[in-house]
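Open your viewer, get the selection box ready, and let's take a walk through this protein together. At each stop you'll get something to select and a note on what is there.

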Amino acid sequence: MTENIRKLLGEKSRELRKQSKLTQQDVAEKLGVRQADISAFESKGEVIGSVERINGLFNLYGYELAITEKKLR
């Protein structure tokens, strides 16, 4: 995953978490990670694990990530 995509996902995650009225600690406990990991993901786009874990994060907010593969040429 490129850095820009990770940062965008982190920013969107923060927005959705706040809309859901959850704290970073709430989310960390539900995902089985540290609060610091959630903070780093939201602020810098640092990786919190596999694509499945990131999808699990968005599932908490009622969203599912869709990743498609498309050959350009």
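Where is leucine 16 found? Select it and you'll land in helix 1. Helices here (H or I, at least four residues) are DSSP runs, numbered from the N terminus.

Before going further, two bits of housekeeping. This is a predicted model, in which local features need pLDDT of at least 70 and side-chain atom pairs count only at pLDDT 80 or more, while totals for chains, interfaces and linings use all residues. Residues are numbered from 1 along each chain as its sequence is written, and side-chain values use heavy atoms, with hydrogens and water left out.

**Stop 1: colour by confidence**

Color the model by pLDDT, the predictor's confidence in each residue, from 0 to 100. The mean for the protein is 91, and 99% of its residues reach 70 or more. Among the elements, helix 2 has the highest mean pLDDT (97), and helix 4 (residues 51–60) has the lowest (92).

**Stop 2: back to helix 1**

Go back to leucine 16. Is this residue buried or exposed? It is buried, because its relative accessible area is 3%. The labels work like this: buried means under 20% relative accessible area, exposed means over 50%, and partly exposed is in between (1.4 Å probe, protein chains only).

Now show what touches leucine 16, where contact means heavy atoms within 4.5 Å. Leaving aside neighbours within four places in sequence, you'll find Phe58, Tyr61 and Tyr63. Try a distance label too: the C-alpha atoms of leucine 16 and tyrosine 61 are separated by 6.3 Å, although the two residues are 45 apart along the chain.

Next, select serine 13, also placed in helix 1. With a relative accessible area of 1%, serine 13 is buried. Its contacts, not counting neighbours within four places in sequence, are Phe41, Glu42, Leu57, Phe58 and Tyr61.

**Stop 3: out to the loop**

Move along to lysine 21, in the loop between helix 1 (3–19) and helix 2 (24–31). Lysine 21 counts as exposed because its relative accessibility is 74%. Check its backbone as well: phi is near 60°, a positive value in a residue other than glycine.

**Stop 4: helix 3 and its cover**

Select helix 3 (residues 35–44). Which of its residues are buried? They are Ile38, Ala40, Phe41 and Glu42. Helix 1, helix 2 and helix 4 are included in what covers them.

Show helix 1 and helix 3 together. They pack at an angle of about 115°, with their axes 6 Å apart. Axes are lines fitted to C-alpha atoms, for helices over the stretch in contact, and angles run from 0 to 180 degrees between N-to-C directions. Helix 1 and helix 3 are therefore roughly perpendicular to each other. (Under 35 degrees counts as roughly parallel, over 145 as roughly antiparallel, 65 to 115 as roughly perpendicular, and the rest as oblique.) On the helix 1 side, residues including Leu9, Gly10 and Ser13 meet Phe41, Glu42, Ser43 and Lys44 of helix 3.

Swap helix 1 for helix 2. The axes of helix 2 and helix 3 come within 8 Å and cross at roughly 110°, so this pair is roughly perpendicular too. Here Gln24, Gln25, Val27, Ala28 and Leu31 in helix 2 meet Gln35, Ile38, Ser39 and Glu42 in helix 3.

Just after helix 3, click on glycine 45, which takes a positive phi of about 75°.

**Stop 5: helix 2 against helix 4**

Show helix 2 and helix 4. They pack at an angle of about 125°, with their axes 10 Å apart, and are therefore oblique to each other. The contact is made by Val27, Lys30 and Leu31 of helix 2 and Arg53, Gly56, Leu57 and Leu60 of helix 4.

**Stop 6: into the core**

A nonpolar core is a set of buried Ala, Val, Leu, Ile, Met, Phe, Trp, Tyr and Cys residues joined through side-chain atoms within 4.5 Å. The largest one here has 13 residues, and those with the most contacts inside it are Leu31 and Leu57. Helix 1, helix 2, helix 3 and helix 4 each supply at least two residues of this core. In soluble globular proteins, nonpolar side chains tend to be buried together.

Zoom in on leucine 31: not counting residues up to four places away in sequence, it touches Ile38, Ile48, Arg53, Gly56, Leu57 and Leu60.

**Last stop: the tail**

Finish at lysine 70, in the segment after helix 4. Lysine 70 counts as exposed because its relative accessibility is 69%. Its C-alpha atom is separated by 17 Å from that of isoleucine 5, and the two residues are 65 apart along the chain.
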